[in-house]
Amino acid sequence: MSELPQIPQPIPPADEPRETQIKRLYMRSIRRGIKEMDVILMDYADSKLREMTDGELATYDALLAENDHDLYQWITGQVETPPAFLDMISEISAHMLKDGGVLTGN
């Protein structure tokens, strides 16, 4: 993983309504630091956010706090994914490939 400093993410309220959480995660998915991640995560979020369990939403929220360059390397298989995110990164990669996306670095 990169040693770049992380920008602190705001902590959502504990009683955040599910609909608000989904909207917040969607906005964080489409407004990333690099365009590639905007495209990858926007499509994934469009397709998957509403059907995620509360636990999956929490994992996705934590994933979005990670550095875009790290995320891109995990999704493209350039760098090993941390175990906490392995299932979700695998799902994002498979979703991207299913929709005709092209991954590099494999």
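**Entry 1: α2 against α4**

I started with the crossing of α2 and α4, and I noted that it is left-handed. This is a predicted model, so I am reading computed geometry throughout. Next I pulled the axes: α2 and α4 sit 10 Å apart, packed at an angle of about 60°. That angle makes the pair oblique, because it falls in neither the parallel, the antiparallel nor the perpendicular range.

Which residues meet there? On the α2 side I listed Glu36, Met37, Ile40 and Leu41. On the α4 side I wrote down Asp68, Leu71, Tyr72 and Ile75. Sorted by class, this contact has 6 nonpolar residues, 2 charged and no polar.

**Entry 2: Ile75**

I stayed with Ile75, which lies in helix α4. Buried or exposed? Ile75 counts as buried, because its relative accessibility is 3% and the cut-off is under 20%. I also checked its spacing to Met37, one of the α2 residues in the contact with α4. The two are 38 residues apart in sequence, and their C-alpha atoms are 9.7 Å apart in space.

**Entry 3: α2 against α5**

Then I turned α2 towards α5. Their axes come within 10 Å and cross at roughly 100°. I logged α2 as roughly perpendicular to α5, because the angle lies between 65 and 115 degrees.

From α2, I found Ile40, Leu41, Asp43, Tyr44, Ser47 and Lys48 in this contact. Their partners in α5 are Met88, Glu91, Ile92, His95 and Met96. My tally by class came to 6 nonpolar, 2 polar and 3 charged residues. Ile40 and Leu41 were already on my list for α4, and here they turn up facing α5.

**Entry 4: α1 against α2**

What angle do α1 and α2 make? I read about 150°, with the axes 7 Å apart. That is over 145 degrees, so α1 is roughly antiparallel to α2.

Tyr26, Ser29 and Ile30 are what α1 brings to this contact. They meet Met37, Asp38, Leu41, Met42, Ala45 and Asp46 in α2. I count by class 6 nonpolar, 1 polar and 2 charged residues. Leu41 appears in this list, as it did in the ones for α4 and α5.

**Entry 5: the core**

After the pairs, I looked up the largest nonpolar core, and it has 22 residues. Which have the most contacts inside it? I noted Leu41, Leu49, Tyr60, Leu63 and Ile92. The elements giving two or more residues to this core are α1 (18-30), α2 (35-48), α3 (54-64), α4 (68-75) and α5 (86-98). Its largest share, 5 residues, comes from α2.

I picked Tyr60 for a closer look. Leaving aside residues up to four places away in sequence, Tyr60 touches Leu25, Ser29, Leu41, Tyr44, Ala45, Leu49, Met52, Met88 and Ile92. Three of the other names I had for the core, Leu41, Leu49 and Ile92, are on that list.

**Entry 6: Ser90**

Ser90 lies in helix α5. I marked Ser90 as partly exposed, because its relative accessible area is 40%, which is between the 20% and 50% cut-offs. I also looked up its spacing to Trp74: 16 residues in sequence, and 8.9 Å in space, C-alpha to C-alpha.

**Entry 7: the whole chain**

I finished by zooming out. The chain has 5 helices and 0 strands. Read from the N terminus, the order of elements is α-α-α-α-α. Of its 106 residues, 37% count as buried. Where do the contacts reach in sequence? Taking those between residues at least 6 apart, I found that 63% join residues at least 24 apart.

Conventions:
Residues numbered from 1 in each chain as written. Predicted model: local features only at pLDDT ≥ 70, side-chain atom pairs only at ≥ 80, totals over all residues. Heavy atoms only, no water. Core = buried A, V, L, I, M, F, W, Y, C linked by side-chain atoms within 4.5 Å. Buried < 20%, exposed > 50% of the residue type's maximum accessible area, 1.4 Å probe, protein only. Helix = DSSP H or I, 4+ residues; strand = E, 2+ residues; numbered from the N terminus. Contact = heavy atoms within 4.5 Å. Axes fitted to C-alpha atoms, helices over the stretch in contact; angles between N-to-C directions. Parallel < 35°, antiparallel > 145°, perpendicular 65-115°, else oblique. Left-handed = near helix turned anticlockwise from the far one by under 90°. Nonpolar A, V, L, I, M, F, W, Y, C, P; charged D, E, K, R; others polar.
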